[in-house]
Amino acid sequence: MKTIHEIINVSTNCRCEMLDITTKIASVVSESKIANGLVTVFTPHTTAAITINENADPDVTHDMIMTLEEMLPKNRPGYKHDEGNSDAHMKSSFFGCSETVILNCGKMQLGTWQGIYFCEFDGPRSRKVNVQIIGE
Amino acid sequence: MKTIHEIINVSTNCRCEMLDITTKIASVVSESKIANGLVTVFTPHTTAAITINENADPDVTHDMIMTLEEMLPKNRPGYKHDEGNSDAHMKSSFFGCSETVILNCGKMQLGTWQGIYFCEFDGPRSRKVNVQIIGE
Amino acid sequence: MKTIHEIINVSTNCRCEMLDITTKIASVVSESKIANGLVTVFTPHTTAAITINENADPDVTHDMIMTLEEMLPKNRPGYKHDEGNSDAHMKSSFFGCSETVILNCGKMQLGTWQGIYFCEFDGPRSRKVNVQIIGE
């Protein structure tokens, strides 16, 4: 059994954004020489998330961000946290800070239309993504 | 260490539905002869999800689907994606496209009332679920 | 490859609560003597969840619970499940019943402000959390 751990840097451009990082993750997988196992993609930030969703029509991420901003607006009466980003913490827990992808015969088992997204909810910022591959 | 990868086929019957696939996953686990490790259940579709929730009273999944449809109706002013299923993409990222279950002494460590569900958000369709077991 | 499986007991104090269990998980990791691999934290309950979020300012969890209770109130017209906790089942699937953390050089790769939370949505109760470490 082998484990490989890499950290990827990501720069975001606005407060709420979904960045496709599939190619970056695929490079780590390819360099790892691990053929079968699990790929864990994890962000160490509490106002960001990792999700897997459609990578074909950019209107999908537009609609997703619009929905998130309407369901979880930046301000809500009663918020106490004085950084003013409690909505971003909620979005992070709703989408989750990690995704696990199956690795089989050297290939991540993503669907045809699936991409791995870094989700920024309190940008723009410089962010990190941890990638670990476990297998053989 | 061993890894086993199987693909399960699922048929859904309506637009929004939760199908209990626990027995199908348990069969893959049993045939794998792996006793200790992780079971990853992953759907390669972007308008579906995998979740773990109550398997006893069918009223629970009724209430969950009702809540999802009220919180995320099919149409929302401003949606641009012309397939008309942006709500389904949102539901997919909220529930997540995978679950990981602990495998110990040959048994998935699910609670008494936990079942593994394939969640359809844009059916009816023929769908796939990838199952991978890693361990020994 | 080694796998270690432990069960942690948790007591909750009110209906909706986020309890920081990071120290308890870190103890299991430390005793396992596994340096590189994956830590899976899984709750076997269908009205609870595991999430990772900010551990510094307690106002964050206050704001998150307030938001959850406003978005998913206990009662919703049309709920059929007669235990009266359908909202808690929804919260469970939104946050998810598990988290997977990368283990590298003997340390969980959590961000500076990340804590692992047991989320109670139908307490107070005595609850369990399964922890499995796989690696070497």
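**View 1. Strand E7 of chain B and its two neighbours.** Let us start with a pair of residues in this predicted model: Ala48(B) has Glu120(B) of E7(B) as its bridge partner. Ala48(B) opens strand E4 (residues 48-54) of chain B, which runs antiparallel to E7(B) and is joined to E7(B) by seven bridges. Strand E2 (residues 17-20) of chain B also pairs with E7(B) in the antiparallel sense, here over four bridges. Look for Leu19(B), which stands opposite Phe118(B) in E7(B).

**View 2. The two faces of strand E7 in chain B.** In a regular strand the side chains alternate between the two faces of the sheet. Here Gln114(B), Ile116(B), Phe118(B) and Glu120(B) point one way from E7(B), while Gly115(B), Tyr117(B) and Cys119(B) point the other way. Are the residues of this strand buried or exposed? Seven of the seven residues of E7(B), 114-120, are buried, so the strand is largely enclosed by the rest of the structure.

**View 3. An open sheet in chain A.** Five strands line up in the order E1-E8-E3-E5-E6 of chain A, with antiparallel pairing. The edges are strand E1 (2-11) and strand E6 (107-108) of chain A, each of which pairs on one side only. At one of these edges, strand E5 (residues 98-104) of chain A runs antiparallel to E6(A), and two bridges join them. One residue pair to find here is Leu103(A) with its bridge partner in E6(A), Met108(A).

**View 4. Helix H1 of chain C, with a buried side and an exposed side.** Which residues of H1 (residues 22-32) of chain C are buried? They are Ile25(C), Val28(C), Val29(C) and Ser32(C). These four cover an arc of only 100° around the axis, which puts them on the same side of H1(C). Turn to the other side of H1(C) and you meet the exposed residues Thr23(C), Ser30(C) and Glu31(C). The cover over the buried residues of H1(C) includes several strands of chain C, among them E1 (2-11), E3 (37-42) and E8 (126-135). Just after H1(C) comes Lys33(C), with a positive phi near 60°.

**View 5. Helix H2 of chain C, packed against two chains.** At 1.5 Å a residue, the 14 residues of H2(C) should span 20 Å, and its end C-alpha atoms are 20 Å apart, which agrees. Buried in H2(C) are Val60(C), Thr61(C), Asp63(C), Met64(C), Thr67(C) and Leu68(C). They cover an arc of only 160° around the axis, which puts them on the same side of H2(C). The buried residues of H2(C) pack against helix H3 (86-95) of chain A, together with strand E2 (17-20), E4 and H3 of chain C.

**View 6. Where chain C meets chain A.** Chain C brings 30 residues to this contact and chain A brings 26 residues. On the chain C side, E3, strand E4 (48-54), helix H2 (58-71), helix H3 (86-95) and E5 each supply at least two residues. H2(C) gives the most, with seven residues. By type, the chain C side divides into eleven nonpolar, 13 polar and six charged residues. Only 13% of the interface residues of chain C are also interface residues in chain A, so the copies meet through different surfaces.

**View 7. The axis relating chains A and C.** A turn of 120° and a shift of 0.0 Å along the axis lay chain C on chain A with an RMSD of 0.0 Å. The two copies are thus related as by a three-fold rotation axis. In chain C, the C-alpha nearest the axis belongs to Phe94(C), 3.3 Å from it.

Notes
Residues numbered from 1 in each chain as written. Chains lettered and ligands numbered in written order. Predicted model: local features only at pLDDT ≥ 70, side-chain atom pairs only at ≥ 80, totals over all residues. Least-squares fit on C-alpha atoms with pLDDT ≥ 70 in both. Contact = placed C-beta atoms within 7 Å. Buried ≥ 20, exposed ≤ 12 C-beta atoms within 10 Å, placed from the backbone. Arc of directions from axis to C-beta. Nonpolar A, V, L, I, M, F, W, Y, C, P; charged D, E, K, R; others polar. Pairing = 2+ DSSP bridges. Expected span 1.5 Å × (residues − 1).
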